[in-house]
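This report covers one helix, the empty spaces around it and elsewhere, two loop residues and the cysteines. The structure is shown first.

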Amino acid sequence: MSKTLIVSDNEILNQLYVVNLEVYLGTEVELVLSFQKAQELIDSGLEYNLIVTMNMINGQDSAIMLYEYLQSKKWNKPLVVIGKPEKEVPNIVIIQSSYHLQNLLKSCAEILGVTAKSMAGHIVPEYYAVETSFLLRLGVAPCQIFLQVKKNSEVIDYLLVAKKDDKTTESLRKFSSEGIVKLFVNKLDRLLVINQISKSVCDFIQSTENLGVAEKSNALSVGFDFIASDFCQTPESTHEVMAIAKVCTSVMEDIAKDTAGLRALIKILSSNPSGYIYTHSILASFVAAHIVRKVSWGGEGHLEKINFVLFFHDIMLGPIYLKYPELKYEDDLLFSEKLDEEEKSLVLNHARLAAELVINYRRAPLGVDLLIKQHHGITNGIGFATEFKDDISPLSKIVLVAEAFVEEYMKGRDLDPKFQIDLKVMLPILVEKFKKSTYKKIIETLETIKL
C-alpha cells in the first residue's frame, strides 16, 4: 500500500483530505499539523509516495519551506500544494481550491499511478477502519459500526456497537475517552461514510439555529475562514460555497438581532479572537442592521443583501491578511513596503474582483455584485474614494458608513486597549468624512445605536 503525508492545520479540511485519499485512492495517510513535524518524520527515515501540503500554515509559507527541504533530500516526485505559493517553483502540482476534492483526488491519483481499474482491483478488508472522531461528528450512525476485538494482538472478532440510524454521540465519546481511535464499517459502506463525513463539514457551519450569540459567532468564524481560504482562488461557482454563504449571512443577521448591544458583541469577539476581516465584518453587520431599521426607506429585506456584501466584500484580501497578520486596514496594505506590486494591485482591485466572482453565483441576492463593487465609494470597484459622492446605491452608503464607524473604533482600540466608543467623538469624525447630506442622514441614525 502506498503511503501519503498530509501537512495541514485546518481542522475541517484535515478530515476531508485524510478520509477521501484513504477511501478513494487506497493510500495509507499520515497527517501532521506543521512543516516542522513533517521534517521530523522524513528525517526519521519514513518514506512517502505522495506529499500534500497547504500553501500557508500559521502565517508561514509552508509550501516553499517543504519544497526546499525535499529538494535537499533529493525527493523527485511532485509536491502537491493546496493554494498558490508566493513564488513559482518547479515540480509541484497546485490545487487552487482547498475544497475541490475531485481536483485533489485526480492529481494525487496520477502521482500514485492509481487508475479506475487498479482501484477496482484494490483489496479492501471486510471491515474498513474509520477514525472515531470522524464518526463522532456525524451524531447518527450512517450504517452499522463495529468495534475490533483483539486477543494477544490478534483480531478475533468485530463486535456490532451501532446499527444504522442509531444515535451515537454518547457511545462514541466513551470509546474516544478510552483511547479507541478507530472503529470499523463494512467495506461496502465505506463510500457512504466518506460522503456523510464530507457533508457534515458543511452542516457543522450551518448548525447554529439554537445556539447563543457566542456559539454562533464561533461557528460563523469557521465559515469566514473556510470561504476566505478557498473562494478567492476559485473562479468556479460551487453549490457548497453558496450554501455556506447563505447560512452565514443568515447567522450574521441573527447575531445582530440577538446581541444586547455593541459592547456585548465586542466582548464576545474579543473572547475568541479571529481575523481582521471577520471581526470587522461582524461589527459592521451590527451597525448596518441598526441603520437599516432607522432610515425611512429601510426594510428587513435589505439586511440579507447587506450581510451578503459584508460576507464577501473583502474576501479577496484573505490570503494577504493571512500572509501579513500585522497589517489590518486597507490603507496600511496600500502603503506597506511588504506588499509587492501584484499584491498592491489586488488591494486596489479587490472590490471589482469579488463582485465579478459573486455574480456567477445564481442564488446570490439580486444586485449584490454592484454593492460589493461600490463598497469603497467607487462605482467601478477600483481604488478607494477620497470624496464620497451621491453616484452610488443607498445601500452602499449604509455599508460605507457602517464600515467607517467600525474602523474608527478599531483604530481607537489599537491605540488604547481600554478604548470605549464615544458617539460624541466618533459621529463628528464621520460627518467630516462624509460631507453629502444623504450620508449625514445615515450617520444621524447612529445617535441611537445600542451600546
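## Basis

Helices (H or I, at least four residues) and strands (E, at least two) are DSSP runs, numbered from the N terminus. The model is a predicted one.

## Two loop residues with positive phi

Most residues other than glycine have a negative phi. N152 departs from this, with a phi near 55°. The residue sits in the loop that joins β7 (145–151) and β8 (154–162). N152 is exposed because its relative accessible area, 72%, is over the 50% cut-off.

D165 also has a positive phi without being glycine, with a value near 75°. The loop that holds D165 runs between β8 and α7 (169–177). With a relative accessible area of 52%, D165 is over the 50% cut-off and therefore counts as exposed.

## Helix α18

Helix α18 covers residues 394–415, 22 residues in total. From its first C-alpha to its last the helix reaches 32 Å, close to the 32 Å expected at 1.5 Å a residue. The helix is mostly covered, and 16 of its 22 residues are buried.

At the N-terminal end, α18 is capped by S393. A side-chain oxygen of S393 lies 3.1 Å from the backbone nitrogen of L395.

## The second largest pocket

The second largest pocket has a volume of about 470 Å³. Two or more lining residues come from each of α12 (276–294), α15 (330–335) and α18. Of these, α18 gives the most to the lining, with 6 residues.

In total, 22 residues line this pocket. Those nearest its centre are E330, H376, F384, E407 and K433. By class, the lining of the second largest pocket has 10 nonpolar, 4 polar and 8 charged residues.

## Cavities

Rolling a probe the size of a water molecule over the atoms shows where empty space is left. In the whole structure, 2 cavities of 30 Å³ or more are found. The largest cavity holds about 40 Å³ of space. Its lining consists of Y67, L70, Q71, W75, K77, L79 and N91. Helix α3 (residues 62–72) gives the most to this lining, with 3 residues. The lining of the largest cavity divides into 4 nonpolar, 2 polar and 1 charged.

The second largest cavity has a volume of about 30 Å³. L262, I266, L283, F405, V406, Y409 and I421 line it. The elements that give two or more residues to this lining are α11 (262–271) and α18. The largest share, 3 residues, comes from α18. The lining of the second largest cavity has 7 nonpolar residues, with no polar and no charged ones.

Helix α18 thus contributes to the lining of the second largest pocket and to that of the second largest cavity.

## Cysteines

How many disulfides does the structure hold? The count is 0. Two cysteines can be placed by their accessibility. C108 has a relative accessible area of 0%, under the 20% cut-off, and so is buried. C143, at 3% relative accessibility, is under the 20% cut-off as well and therefore also counts as buried.

Technical notes:
Residues are numbered from 1 along each chain as its sequence is written. This is a predicted model: local features need pLDDT of at least 70, side-chain atom pairs count only at pLDDT 80 or more; totals for chains, interfaces and linings use all residues. Side-chain values use heavy atoms; hydrogens and water are left out. The expected span of a helix is 1.5 Å times one less than its number of residues. Buried means under 20% relative accessible area, exposed over 50%, partly exposed in between (1.4 Å probe, protein chains only). A polar contact is a pair of N or O atoms within 3.5 Å; within protein, one must be able to donate a hydrogen and the other to accept it, and residues adjacent in sequence count only if both atoms are side-chain atoms. A disulfide is a pair of cysteine sulfur atoms within 2.5 Å. On a 1 Å grid over the protein atoms alone, a cavity is a set of points where a 1.4 Å probe fits but cannot get out, and a pocket is an open set with protein on both sides within 12 Å along at least five of seven lines; lining residues have an atom within 4 Å of a point. Grid points are joined across faces, edges and corners, and a volume is the space filled by probe spheres set on the points. Ala, Val, Leu, Ile, Met, Phe, Trp, Tyr, Cys and Pro count as nonpolar, Asp, Glu, Lys and Arg as charged, and the others, Gly among them, as polar.
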